[in-house]
Amino acid sequence: MNLYKYVSNAINEKLGAKVNLEVPKNRDFGDFSTNAAMVMAKAAGKNPRELAAEITPKLAELPFVSETSVAGPGFINIKLKDEFIWTSATEPQNPKSDNPQTIDLDYGAYNVAKTLHIGHLRTSIVGDTFNRIARALGHTTYSWNHIGDWGKPMALIIAWIEKLHPELPYFQENFDPTKPVDFDLDPVELNTYYPAASALAKQDPEFQAHAQQIKALFQNGHPGYFALFEKFLAISMDMMYATVQRLNILPFDYNLGERNAAKYLDEIEKILTAKNLIEESDGAQIIVVKRETDNKPMPPYMWLDSRGADTYDSTDLAAIYCRKQTDNPNKIVYFTDQRQGLHFEQLFRVAEMSGIYSYENLEHIGYGTINGRDGKPFKTRDGNAATLDDVLDIANEAVAARVAESGKKLSADTISIIALAAVKFNDLMHDVRSDYIFDPASVTSFEGRTGPYILYTAVRLNSVLKRATFSANADYQPMTSDERNLLIEVLDFERTLHAAFDNRATDMIANYTYDLCQLINTFYHNCPILREDVPDSVRAGRLHIAQIAYDTLAKAIDLMGLEIPSEM
């Protein structure tokens, strides 16, 4: 049950007023507190402490309240009955939203023929976790991997392949798409094509101009260029899928990007033209989005560039139009680098100005950067920009080294599960909008606020449950403070889940999980379960608590896209 919501509703009904309920960090004074007396004092014409003294007896009448007290200028502390906590924790969890929505989630945004790099880590992890949270609450979600598969990068790759293999039929005027071409592309080599072509284009104006020509012909359906594109697209998508599987994120509902969005450009241009939104500027077509109330620069939105080519701006607007036609979502939420904030502000304004989609239902969650211990963007030991696979490999090596030092023997699969938890939890525990430090040595520790610590807690608790010789079901019995605190934390899961969704704050789930693990471990150390001197009734009660705690912990771990290994 959502304990917070249940208690809050009961207090509001009892007092006939809507008051705030808070969860104190120190539960020694109470399980909840409220400033009801301070809020109601002025209207009642009374001193807050005086009014609090009148309110507390009313709250004590509630069947789940054990005791009440007044603190400070008029805060009211509320302690719940142990039996109520026990019974509530036993009830099935049902965190479904009262207002289920259809939500399109845009994350991943991988690029064709480019290795997934560290910049794709946060969009993938945070986007996937938010997706899982939304689904757990009963929302219908559609995840979109808006792949870069249309603009200048594709042209540069085609131009580079032509430079290396000019004899291929793809580049001939009489290319026949029905005839197979004897040409194999090595995936590793393919990843080098874009960086090499991009570097050459900066130095060679002729190569740059040729790539621009290829771009126009490719986007207009050149059969040879398109057939070559289809070949390296398939190879690139396979590489993307392999890395996505390593991340253990949910499969995307749509792997459609700029090329798919471009299909809608003609329809959108008619909409924009009908509303007189497009203006000419130095050969380009723009849309002015600046408002009189803006107090900072707001550049125009680029519909077509000076060469008449589609832009990143135009295909992003087309993607919104496509999603409106495809899913008709209540909201569209983007998870990208926060440095794209200006682009999305422009995009959202144009979407509303055009009538394609309402501004208020478009959201951009901008994430911070991942830095090394030196405070600079994280790189590999050889000084190169880290790929996503590099990050996972580095974590794997660090976990393997720790396991070897401890004298344990774990399978390669288990080490990979632990390493992934280290990377993902370290990302999720930080506010998505903030930068953070990635230090392989600290994030792979089995102690402290880390993914391995979370998994170790789950493995240890599960081991107790597996070794138990009788059912983990029991009737209520008096609880110690450690047992009670653990169940209270379990009952805070649903509130945390809703708050994480409402605030778009995946760190709330990660940090809740850590707090839960701390209470589980305190319970584990102070409340023996399987020891021979523990009475059967006490053992049954503690097994019951352990099972409830494990079930909640497993749900939280799954929400973060982590797996619980069989041993650690």
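1. Start at Gly 45. This residue sits just after helix H2 and takes a positive phi of about 70 degrees. Keep in mind that the model is a predicted one.

2. Now look at H2 itself, residues 36-44. Its buried residues are Ala 36, Ala 37 and Ala 41. Viewed down the helix axis, the buried residues fall within an arc of 125 degrees, so they line one face of H2. The face turned away from that buried side carries Lys 42 and Ala 43, both exposed.

3. What do the buried residues of H2 pack against? Two helices and two strands are the elements to find: helix H1 (3-15), helix H3 (48-60), strand E2 (32-34) and strand E4 (75-80).

4. Next, the nonpolar core. The largest one has 183 residues. Leu 80, Phe 232 and Leu 317 touch the most other members. As background, nonpolar side chains tend to be buried together in soluble globular proteins.

5. Phe 232 deserves a look of its own. Set aside its neighbours within four places in sequence. Phe 232 is then in contact with Val 112, Ala 113, Met 154, Ile 157, Ile 158, Ile 161, Leu 185 and Leu 190.

6. Move on to the open sheet. It is formed by three strands, in the order E7-E8-E9, with antiparallel pairing. Strand E7 (279-281) and strand E9 (301-304) stand at the edges. Each has a single partner strand, so one side of each is left without a neighbour in the sheet. From one strand to the next, the twist averages 45 degrees.

7. Within that sheet, check the pairing of E7 with strand E8, residues 284-287. Three bridges join the two strands in the antiparallel sense. Glu 279 has Ile 286, in E8, as its bridge partner.

8. Which helix lies across E8 and E9? Helix H11, residues 265-274, does so. H11 runs at about 120 degrees to E9.

9. Last, Asp 389. This residue belongs to helix H14, residues 388-406. Is Asp 389 buried, partly exposed or exposed? Its relative accessibility is 24%, and buried would need under 20%. Asp 389 therefore counts as partly exposed.

10. Asp 389 also has partners away from its own stretch of chain. Beyond its neighbours within four places in sequence, Asp 389 is in contact with Thr 243 and Arg 246. With Arg 246 there is a polar contact, side chain to side chain, at 3.1 Å. Leu 461 lies 72 residues from Asp 389 along the chain, and their C-alpha atoms are separated by 31 Å.

Methods. Residues are numbered from 1 along each chain as its sequence is written. This is a predicted model: local features need pLDDT of at least 70, side-chain atom pairs count only at pLDDT 80 or more; totals for chains, interfaces and linings use all residues. Side-chain values use heavy atoms; hydrogens and water are left out. A nonpolar core is a set of buried Ala, Val, Leu, Ile, Met, Phe, Trp, Tyr and Cys residues joined through side-chain atoms within 4.5 Å. Buried means under 20% relative accessible area, exposed over 50%, partly exposed in between (1.4 Å probe, protein chains only). Contact means heavy atoms within 4.5 Å. Helices (H or I, at least four residues) and strands (E, at least two) are DSSP runs, numbered from the N terminus. The arc is that of the directions from the helix axis to the C-beta atoms. Two strands pair if DSSP finds at least two bridges between them. Axes are lines fitted to C-alpha atoms, for helices over the stretch in contact, and angles run from 0 to 180 degrees between N-to-C directions. A polar contact is a pair of N or O atoms within 3.5 Å; within protein, one must be able to donate a hydrogen and the other to accept it, and residues adjacent in sequence count only if both atoms are side-chain atoms.
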